[in-house]
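Colleague: Could you take me through this model feature by feature, giving the general idea and then the case at hand?

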Amino acid sequence: MSSTTSNPLDLPDTDPFEVADAAAAQIAELTGVERHDLALVLGSGWSKAADLIGETVATIPATEVVGFGMPAVPGHVGTLRSILLPTGKHALVIGARTHYYEGHGVRRVVHAVRTAAATGASTLILTNGAGGIKETWTPGTPVLISDHINLTADSPLEGATFIDLTDLYSTRLRDLARSVEPSLDEGVYVQFRGPHYETPAEVQMAKAIGGHIVGMSTALEAIAARQAGMEIIGFSLITNLAAGIQKTPLSHEEVIEAGRNAEAAIGGMLARVVGAL
Ligand code: 8IG
């Protein structure tokens with residue numbers, strides 16, 4: 001991957017917040033939108049929401065913005081989009097997530113979130129595709145994230161930076177989402193390092209410690225977003241039941257397929273929630 005050697009975030013002396021400020025300035029320049037009010041990170045299955053929430057003002061390849069790399073997973077779109085919502089607010093849509101399992105370090109993982117904050121966004125909508133532990137969640141079910149358990153043994157915070165994570169996934173925003181979409185269930189998101197899926201025993205551990213959703217992305221991003229002062233709401237699209245809960249082996253194809261089938265419905269749901277924010 002050509003970008004790995006030239007990314008300033010890979011250099012230990014770099015200040016990641018300065019890189020985020022520089023990236024935000026480039027986004028303002030390239031989109032012609034000076035400030036964004038909110039940001040969305042769209043994970044597997046969620047990309048359709050971008051077409052439904054408002055009018056796209058500009059689309060830029062993430063690779064043109066400092067600190068961003070190429071997406072590692074085919075089907076993950078490496079673009080940044082500026083969207084004008086019907087409310088007049090400007091939304092930055094990030095379709096270029098870097099996963100922890102890519103091995104570029106946690107600075108690269110949370111760069112998009114820090115950049116979103118630097119563009120002015122005070123609200124962050126995090127979405128992902130994930131495995132479900134509750135048997136009642138059939139593939140294609142969207143759920144609200146109520147809290148998380150970070151099993152990566154890592155943090156985006158460097159040094160003695162003590163940040164409170166109480167109400168990390170805003171109760172206010174979750175109530176608001178449920179007022180728009182009363183059928184939304186919620187659960188605790190457990191972030192594993194990946195990229196392998198869990199063993200059935202690991203899924204039972206996640207369940208025993210209070211988890212309902214297993215994934216590979218959102219917890220580290222939410223921590224960085226809280227540090228940046230953003231109000232956060234998170235959604236998982238359950239694309240599969242977690243290993244051992246479902247009796248058949250997990251496959252990436254199955255996950256993509258479930259995402260495709262749910263795309264229109266969850267995109268519409270997210271658009272309605274964003275419209276109410
Ligand atoms: I999509 O079952 C998706 N992402 N950790 N486990 C983990 N991440 C996932 C899963 C899953 N499904």
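The dialogue below goes from the ligand to a helix, then to backbone geometry and single residues.

Colleague: What should I keep in mind about the model and its numbering?

Modeller: This is a predicted model, in which local features need pLDDT of at least 70 and side-chain atom pairs count only at pLDDT 80 or more, while totals for chains, interfaces and linings use all residues. Residues are numbered from 1 along each chain as its sequence is written, and side-chain values use heavy atoms, with hydrogens and water left out.

Colleague: Which residues surround the ligand?

Modeller: A residue is near a molecule if one of its heavy atoms lies within 4 Å of it. Here the ligand is surrounded by Gly 129, Ala 130, Gly 131, Tyr 197, Glu 198, Val 214, Gly 215, Met 216, Thr 239, Asn 240, Leu 250 and Val 255. By class, this shell has 6 nonpolar, 5 polar and 1 charged residues, where Ala, Val, Leu, Ile, Met, Phe, Trp, Tyr, Cys and Pro count as nonpolar, Asp, Glu, Lys and Arg as charged, and the others, Gly among them, as polar.

Colleague: Which polar atoms of Asn 240, Gly 131 and Gly 215 lie by the ligand, and at what distances?

Modeller: A polar contact is a pair of N or O atoms within 3.5 Å; within protein, one must be able to donate a hydrogen and the other to accept it, and residues adjacent in sequence count only if both atoms are side-chain atoms. An N or O atom in the side chain of Asn 240 is 2.8 Å from a nitrogen atom of the ligand, whereas Gly 131 offers a polar backbone atom at 3.4 Å from a ligand nitrogen and Gly 215 a backbone N or O atom at 3.5 Å from a ligand nitrogen. The protein covers 95% of the 330 Å² of accessible area that the ligand has on its own, with areas taken from the Shrake-Rupley method with a 1.4 Å probe and, for residues, only the protein chains shown counting as cover.

Colleague: Which elements give two or more residues to that shell?

Modeller: Helices (H or I, at least four residues) and strands (E, at least two) are DSSP runs, numbered from the N terminus. Strands E5 (123–132), E8 (213–215) and E9 (231–241) each give two or more residues to the shell, and E5 gives the most, with 3 residues.

Colleague: How do I read the burial of a helix, and which residues of H5 are buried?

Modeller: An α-helix has 3.6 residues a turn, so residues three or four places apart point the same way. Buried means under 20% relative accessible area, exposed over 50%, and partly exposed in between (1.4 Å probe, protein chains only). In helix H5 (residues 171–180), the buried residues are Leu 173, Arg 174, Leu 176 and Ala 177. Seen down the axis of H5, these residues fall within an arc of 160°, so they line one face of the helix; the arc is that of the directions from the helix axis to the C-beta atoms. Their cover includes E5, strand E6 (141–150), strand E7 (185–191), E9 and helix H8 (252–276). At the start of H5, a side-chain oxygen of Ser 170 reaches to within 3.3 Å of the backbone nitrogen of Arg 172.

Colleague: Where should I look for unusual backbone geometry?

Modeller: Most residues other than glycine have a negative phi, and most peptide bonds are trans. In this model a cis peptide bond, with omega about 0°, joins Gly 194 and Pro 195, and Pro 195 lies in the loop between E7 and helix H6 (200–208). Ala 153, in the loop between E6 and H5, has a positive phi near 60° and is exposed at 80% relative accessibility. Asp 167 lies in the loop between E6 and H5; its phi is positive, about 55°, and it is partly exposed, with a relative accessible area of 40%.

Colleague: Is Thr 127 buried or exposed, and what does it touch?

Modeller: Contact means heavy atoms within 4.5 Å. Thr 127, found in strand E5, is buried with a relative accessible area of 0%, and its side chain reaches the backbone oxygen of Val 41 at 2.7 Å. Not counting residues up to four places away in sequence, Thr 127 touches Val 41, Leu 42, Gly 43, Trp 46, Arg 97, Thr 218, Phe 235 and Leu 270.
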